[in-house]
There are 2 protein chains.
Amino acid sequence: MSITKKILIADDEPDILEILSFNLKGEGYEVITAKNGDEAIDKAKAFKPDLIILDMMMPGKNGMEVCNILRTQSAFAGTLIVFLTAINDENTEIKSLENGADDYLTKPISPKVLLSKVSSLLRRIKTEGPSIVTVGDFEIDRERFIVVFKGTEIILARKEFELVALLASKPGKVFLRNEILNRIWGTEVIVGDRTIDVHIRKIRQKLGEDCISTVKGVGYKFEIS
Amino acid sequence: MSITKKILIADDEPDILEILSFNLKGEGYEVITAKNGDEAIDKAKAFKPDLIILDMMMPGKNGMEVCNILRTQSAFAGTLIVFLTAINDENTEIKSLENGADDYLTKPISPKVLLSKVSSLLRRIKTEGPSIVTVGDFEIDRERFIVVFKGTEIILARKEFELVALLASKPGKVFLRNEILNRIWGTEVIVGDRTIDVHIRKIRQKLGEDCISTVKGVGYKFEIS
DNA sequence: CATTTAGGTAACAATTTAATAACCTTATAA
DNA sequence: TTATAAGGTTATTAAATTGTTACCTAAATG
């Protein structure tokens with residue numbers, strides 16, 4: 001998923017498209033518009049929006065049909081779909097929600113309320129940060145707590161892993177000894193002079209000699225030569 | 001997350017509590033009720049509901065205050081919060097959504113619409129993964145509450161199953177001990193140091209030694225080697 | 001009402017991790 | 001070149017963490 005959230009709006013009234021588009025862009029969203037149901041489906045497939053706002057009544061396929069078609073495709077299982085329509089009817093609303101819509105908004109709606117709704121809906125969808133860092137032939141997986149070297153899992157103890165993860169978080173950057181102490185041991189605990197070295201040694205034993213290089217008088221860096 | 005979805009309703013009108021409770025229970029939800037804001041907070045902490053329906057005007061803390069308090073606690077970051085109120089005011093609605101509410105419903109509301117809304121909201125969070133997870137020769141069926149190993153059904157107690165289901169929801173991911181405690185026992189109950197270990201041991205006895213691996217100093221993960 | 005089961009705890013054993021002391025090696029500046 | 005400071009190595013020990021068993025209580029079961 002990209003950093004800025006993508007929103008697709010489908011409505012046959014150009015005025016609506018323009019006013020919504022203007023407001024949503026003002027909030028930093030990337031906005032795509034469609035003038036009818038078929039165009040909505042095409043653009044949804046092409047742009048993989050995070051949220052789709054559908055007018056119910058459109059030429060060609062109506063909103064409900066678009067929703068049904070998209071919901072049958074697993075690519076859109078996680079996509080938020082919201083109806084925005086002038087039909088203020090309880091049964092239509094229930095049917096929409098049963099068909100997989102995430103919200104049902106009735107026109108007229110103030111831009112402010114719409115923006116709140118949109119932000120509230122998008123807040124829920126997950127933005128997974130990469131938990132895996134790759135450096136050379138190494139993969140450091142913070143989620144699984146393992147390091148993979150050329151496809152082979154390497155088991156590290158906790159402090160060792162934290163140390164590798166820290167150094168690998170910025171490959172090539174030299175981490176001062178003090179910096180390492182602060183970030184891994186914290187400012188409270190005080191450990192002896194040789195503690196870092198011993199850990200570095202264990203890591204080198206497990207990962208190979210050439211993964212961490214010493215910068216004498218300064219610190220260590222993770223680097224593949 | 002538990003198997004059946006838990007819903008907490010907070011309202012000072014007993015009639016509302018009863019009618020909503022009746023309807024939601026009829027759909028298979030587990031319903032907890034609270035008569036005021038403070039009770040809502042207590043019960044939220046104790047029962048970890050998946051969804052909270054808050055009346056805006058209540059004696060003691062009002063709905064907005066309850067929402068704000070819960071949203072400051074990370075344990076409730078993933079909890080859905082919905083306002084149900086007679087105040088049909090645009091600014092209040094915007095403020096609610098900005099304060100972290102997931103929806104804003106106005107009274108009067110028909111039970112049918114409410115049920116659709118609830119189901120639509122919960123649909124999003126229940127899709128944390130498929131209800132059947134397959135890991136190696138294991139099949140964990142969260143809906144039917146059973147684990148199948150090479151075609152043979154294995155009987156687990158509830159806590160054991162919840163633990164397996166949690167770990168298997170992301171095979172390979174290391175779950176911190178704290179994370180496990182929070183998600184299975186909740187933040188209120190305090191259990192001893194060895195409780196998790198004992199459950200893990202029982203699971204290992206039933207599923208085989210190699211299904212859950214220990215990451216010392218960190219947690220456990222479900223993984224087939 | 002007896003029996004079983006789930007879930008938790010205490011006590012102790014086993015294991016792993018991490019720190020340190022003591023000593024060794026290497027690079028570098030005087 | 002040699003003194004010196006920085007880092008490397010190893011074994012040992014202490015501390016932290018987890019595993020295991022036996023046992024207790026409350027709730028479910030029949």
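Here a trainee and a mentor talk through two DNA surfaces and one helix of a predicted model.

Mentor: Welcome! Local features in this predicted model need pLDDT of at least 70, side-chain atom pairs count only at pLDDT 80 or more, and totals for chains, interfaces and linings use all residues. Residues are numbered from 1 along each chain as its sequence is written, while chains are lettered from A and ligands numbered from 1 in the order in which they are written.

Trainee: Which buried residues does helix H4 of chain B have?

Mentor: Helices are DSSP runs of H or I with at least four residues, strands are E runs of at least two, and both are numbered from the N terminus. Buried means 20 or more other C-beta atoms, placed from the backbone, within 10 Å of a residue's own; exposed means 12 or fewer, and partly exposed is in between. In H4(B), residues 90-98, the buried ones are B:Glu93, B:Ser96 and B:Leu97.

Trainee: Why are they on the same side of H4(B)?

Mentor: An α-helix has 3.6 residues a turn, so residues three or four places apart point the same way. On the other side of H4(B), B:Asn91 and B:Glu98 are exposed. The buried residues share a side because their arc, taken from the directions from the helix axis to the C-beta atoms, is only 95 degrees.

Trainee: Which element gives the most to the surface near DNA strand D?

Mentor: A residue is near a strand if its C-beta atom, placed from the backbone, lies within 6 Å of it. By that rule 19 residues surround DNA strand D, with A:Asp197 and B:Thr214 among the closest. The top contributor, with five residues, is H8(A).
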